[in-house]
Protein chains: 2
Amino acid sequence: MASNVLEQIKEEITKKLPEEVKLANIEFEGPEVVIYTKNPDIIADNGDLIRNLAKDLRKRIIIRSDKSVLDSYEDAIKKVEEIVPEDAEINDIKFDEVTNEIVIEATKPGLVIGKYGVTSRDIVRNTGWAPKILRTPPMRSEIIDRIRNTLLNNSKERKKFLQTLGARIHQGGKYPSDWVRLTAMGGFKEVGRSCMLLQTPNSRVLLDCGVNVAGQDDKTSFPMLGVPEFSIQDLDAVVLSHAHLDHCGFIPYLYHYGYEGPVYCTSATRDLMTLLQMDYIDIAHRDNNPLPFNAKHVQKEVKHTITLDYGVVTDISPDIKLTLHNAGHIIGSAMCHFHIGDGAHNLLYTGDFKYEKSRLLEPATTRFPRVESCIMESTYGGHEDVTPSRNNAEKELMKTIYKTIKRGGKVLLPVFAVGRAQELMIVLEEYMHHDIIETVPIHLDGMIWEATAVHTARPEYLSKELRDQILHMSRNPFMTESFNQVQNNAERKEIVEGEPSIILSTSGMMTGGNSVEYFKWLCEDKKNTLIFVGYQSEGSLGRKIQKGHKQLPFEDEDGKTRVFNVEMEVKTIEGFSGHSNRRQLMEFAKRLHPRPDKIITCHGDPYKTVDLASSIHRSFKVETKTPVILDAVRLQ
Amino acid sequence: MASNVLEQIKEEITKKLPEEVKLANIEFEGPEVVIYTKNPDIIADNGDLIRNLAKDLRKRIIIRSDKSVLDSYEDAIKKVEEIVPEDAEINDIKFDEVTNEIVIEATKPGLVIGKYGVTSRDIVRNTGWAPKILRTPPMRSEIIDRIRNTLLNNSKERKKFLQTLGARIHQGGKYPSDWVRLTAMGGFKEVGRSCMLLQTPNSRVLLDCGVNVAGQDDKTSFPMLGVPEFSIQDLDAVVLSHAHLDHCGFIPYLYHYGYEGPVYCTSATRDLMTLLQMDYIDIAHRDNNPLPFNAKHVQKEVKHTITLDYGVVTDISPDIKLTLHNAGHIIGSAMCHFHIGDGAHNLLYTGDFKYEKSRLLEPATTRFPRVESCIMESTYGGHEDVTPSRNNAEKELMKTIYKTIKRGGKVLLPVFAVGRAQELMIVLEEYMHHDIIETVPIHLDGMIWEATAVHTARPEYLSKELRDQILHMSRNPFMTESFNQVQNNAERKEIVEGEPSIILSTSGMMTGGNSVEYFKWLCEDKKNTLIFVGYQSEGSLGRKIQKGHKQLPFEDEDGKTRVFNVEMEVKTIEGFSGHSNRRQLMEFAKRLHPRPDKIITCHGDPYKTVDLASSIHRSFKVETKTPVILDAVRLQ
């Protein structure tokens, strides 16, 4: 079957391409069709030829040099150094023997590309190798380096995976695609362990596969993979909206239990997902509460991840095309649009989204070619979830910090490593820069530093202003001296015993990690302040403190349990959330174009899920549904 | 596993039984545990011993003689003839070598049983054979004879099936029964092809499996067996509410494609199901539109059917107990009550039901030990579905018949063979008996005669009054001289060309069968009348005529298509329906005790399904759901 499809496509392409292309071979590479040519000029020409072919075949097409026309490594490097101006500051050159690409990392990648791509074209014409040009990140990101190395070191295995996948995707549907169905497996009428199965007669796709870090046991922490219609072996694809653990934390489990298919997400999501999963495994290990998977399975996941840019339509199964769009929630976060069965049905899954411009990101997209059903989050879906404006929230934050520092106290901000941390970093840096608050050290603990590095390495996902700042290096707000990466426990001791400062630490809901340790050190002193700026889910320590619990039992440093008295000031400042508030959710539903026939609400406490659904139903006359886990909803 | 369970039970029973039982063996027989004894007195004693044991083990227990203590056939027959008084009128004696029963058919079975069972006890004491006493039906039922013979001739195969089944049922659940789920596969927001899958972590049970006789193609005629969580091989049981084809018509297909498990239903349902399925196959064959199964598969189904009386609690899977209750719809129709996972959840599926006493049946049951969710039909669930009282309906019918006969016309009543036909027979017979209408021949065409025979053979399912009439033979209303069973086409010709008469003919919605033929013969004469007394589903010829179509194309007797002009009077008389009308549906929901948390409406046009659900929600503050096919609803 598979080889037949490839043969068919080969025949079609061979007929359509002019002889000058000097066709050497045609292969699948995941969703893409790769044409190998013995004439690198064709690649350099970058012309209409391939674009038209792609349009014709309705497939994504890549063109690459055939092995026979490649320079040796030495010759290629020499030529690249001749062609590229020194100002580009090339820092690394590697070769990918599988894709026949020369991977060039430079401080100023624009100069490697050249005006209208002239330099990059010169490289392929002269060396045969197609240049893949990467920016040297202004902050070194260990995780990005590791991912790049994993992919380079395993490129043969990956190539095989992509070929098999391509054959599966392009083989065509066995059955008419006359129904579409969604099964809730996690994150419905609750926050945490987001997971759902999208099914057609020909496809089985998982949308997110997260964990509930505040869960009490395996049953409440992990998605319900035991739903009768789900089987890991039969899964075609995992589509990941963003990198938070409540959306990606359980994906490695799938690879542990036999999944061999792809994860689709943006590149920023892949980097952060890897970072957060590794951290999750480490913490669980340290807490002596090991997870049902380990680092090996994260590595397997990385090898199977296919990154997609916003707006690129990609076949992910015989009858589903996926397009990712900006969701405004955290860097790389995506709304996932599924075009199913020749357009019979179009489904939008919003993931977590912010329908407001933030300091980090542009607001979520609202315009799509078609949308018949929409699954949307409802974290702040209750009609009382009217949060103050971001401006007021910033003022409130500054006032609280100002007061705390003035009285000689320390400020603890438990945050997710990704999203809120960077948002606060920018706010704090700006207010200190303009002397609105006193310049004190801002300590970053947990994965925050590394997550920030990913932000500087993927500026294309950030808001226009921030991207410009980072790219033109005028003043990279993430790289000022006030920020201090906490290294070890000795340093933590110094911090809690030292001068007034601001501490940003994971985990954001105090379900583990150093935010809990800092809390224990700081909570019994009235001068200090604890500020919640993010969602605290039911069952988490954060929620308990937020509710006003004043006496909390913890293990002391000598391993004995004692009751800690919460004397520090506890404050919740709303308005920094990466989630849309109630008004923004309703506004999104109103502006969503075209208006869907059906809206399913998820990712919220039961009451909020239902409240948002009925308000949308009343206001916009759209059918709404509020499924629970194990419910399946027919979409078409 | 299986044998282990049996060994365990054996050990337990052996310990508990006194030595006098002379235990020979213990076996599973479907849901029941059978104890073989070498002391037939124990069977005769009929005592507390077995009852207490059953209570103890929470299993149904049967006690039987061991082979070694059985008389020869001749001796047994001789002794039975000595013991039983001649008045009993024994008509047949057979032996079941597998169950070690002597099957005695008598005109007066009460005399074979004797006062307080004394005669029956004498038989087992003296012959070793346990008597199974059957009533000789007042009308010979060919289908019941065939079923009995099939079972007797295949009793070894059946015994093996029951043993395997018993082991499966009693093996215990592998997983905790912590969820219950229902998948809609047919008959939701529509009438026809009723089918749904009840699932727990340990069980998969199909509730009904019908066809839509008015369907346009396989996709709309048959239930959606392609739902991802369904597989014929993994099915534990089929539970059948009643014998109409829209509930049972597709069961033989399951046996064709590998199903080896049981069908649970009442004995009347089994008899009528077999009758109607065979007829369905014949008609489809005659119409050159063969079904995806044949008579062989009906036979396989019969061999796998386990009949249950109303009110008997039966284990049908490791974590589900089933109890059937009277539904008042047709003879043998049942409401199906499922007690799931040690009582964690109780589900009531009403099937089709009539919450009003009719001439045939008692009204549907409303009291249950526990009910958390209820799936109820909504055929007449629209708020406008207020039908006249039965009394008025009868008057209207008589008036119409009177007028038609007076003007020399014939009355055609298209009816389901089962239910409406017998209801009308009793009404007509009574009105003629009391000279309220003129005594004219009442012709019964199609399976009506045979279906009526089943009614007289299963009086225990009928209303008290009717049962008394039939049992005491004072005046069996089904057996008066006015009724004529139509034999062949020549007779049909005579009827349509002859004197005024009343014709009851299948099919009830004129989707085929002789009702269509009679219509063609009678429709162009103004003197005649067509009366609809039952539901005409969307797409059926009946619905078209009801809506007032006056010109209809049919094939003529010489095979040419010509347009027939509908000149005959066309009348719809509501109030005879076997379905509850709107008021009765609401009344049922109100009286249902205990009140469930959740009511799911099915078996109705989309608008009626929703109308009934929202009325119930508003009136009784119960959560309601109106799923479509492919939706799955979590019940617990």
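In the predicted model, strands E7(A) and E28(A) pair in the antiparallel sense, and three bridges hold the pairing. Within this pair, Arg181(A) stands opposite Arg634(A) of E28(A). Strand E7, residues 181-186 of chain A, is mostly covered, with six of its six residues buried. E7(A) is also joined to strand E8 (residues 195-200) of chain A, by five bridges in an antiparallel arrangement. There, Thr183(A) has Leu197(A) in E8(A) as its bridge partner. Pairing of this kind rests on backbone hydrogen bonds, and strands of a sheet may run either parallel or antiparallel.

Strand E28 also takes part in the contact between the chains. That contact takes eleven residues from chain A and eleven residues from chain B. On the side of chain A that touches chain B, strand E28 (residues 632-634) gives the most, with three residues. By class, this side of chain A consists of six nonpolar, one polar and four charged residues. Of the interface residues of chain A, 100% are also interface residues in chain B, so the copies meet through the same surface. A turn of 180 degrees, with a shift of 0.0 Å along the axis, lays chain A on chain B with an RMSD of 0.1 Å. This is the relation of a two-fold axis.

Chain A as a whole contains 22 helices and 28 strands. Its C-alpha atoms fill a box of roughly 80 × 60 × 45 Å along the principal axes. The radius of gyration of chain A is 25 Å, which agrees with the value near 26 Å that a compact globule of 636 residues would have. Buried residues account for 49% of the 636 residues in chain A. Among contacts in chain A between residues at least 6 apart in sequence, 74% join residues at least 24 apart.

An open sheet of three strands in chain A has the order E4-E5-E6, and its pairing is mixed. The edge strands are E4 (90-96) and E6 (130-135) of chain A, each of which pairs on one side only. On average, neighbouring strands of this sheet are turned by 20 degrees against each other, direction ignored. Strand E5 (residues 101-106) of chain A runs parallel to E6(A), and six bridges join the two. In this pairing, the bridge partner of Glu101(A) is Ala130(A) in E6(A). In a regular strand, side chains alternate between the two faces of the sheet.

Towards the start of the numbering, strand E1 (residues 23-29) of chain A pairs with strand E2 (residues 32-37) of chain A in the antiparallel sense, over six bridges. Leu23(A) stands opposite Thr37(A) in E2(A). E1(A) and E2(A) form a hairpin with two residues between the strands, in which Gly30(A) takes a positive phi near 60 degrees.

Helix H3 (residues 48-57) of chain A contrasts in burial with strand E7(A), which has six of its six residues buried. Of the ten residues of H3(A), the number buried is zero, so the helix lies largely in the open. The residue that follows H3(A) is Arg58(A), and its phi is positive, near 55 degrees.

Methods. Residues are numbered from 1 along each chain as its sequence is written. Chains are lettered from A and ligands numbered from 1 in the order in which they are written. This is a predicted model: local features need pLDDT of at least 70, side-chain atom pairs count only at pLDDT 80 or more; totals for chains, interfaces and linings use all residues. Two residues are in contact if their C-beta atoms, placed from the backbone, lie within 7 Å. Helices (H or I, at least four residues) and strands (E, at least two) are DSSP runs, numbered from the N terminus. Ala, Val, Leu, Ile, Met, Phe, Trp, Tyr, Cys and Pro count as nonpolar, Asp, Glu, Lys and Arg as charged, and the others, Gly among them, as polar. Two strands pair if DSSP finds at least two bridges between them. Axes are lines fitted to C-alpha atoms, for helices over the stretch in contact, and angles run from 0 to 180 degrees between N-to-C directions. Copies are superposed by least squares on the C-alpha atoms of residues with pLDDT of at least 70 in both. The radius of gyration is taken over C-alpha atoms; the globule rule is 2.2 Å times the number of residues to the power 0.38. A residue is buried if 20 or more other C-beta atoms lie within 10 Å of its own, exposed if 12 or fewer, and partly exposed in between; C-beta atoms are placed from the backbone.
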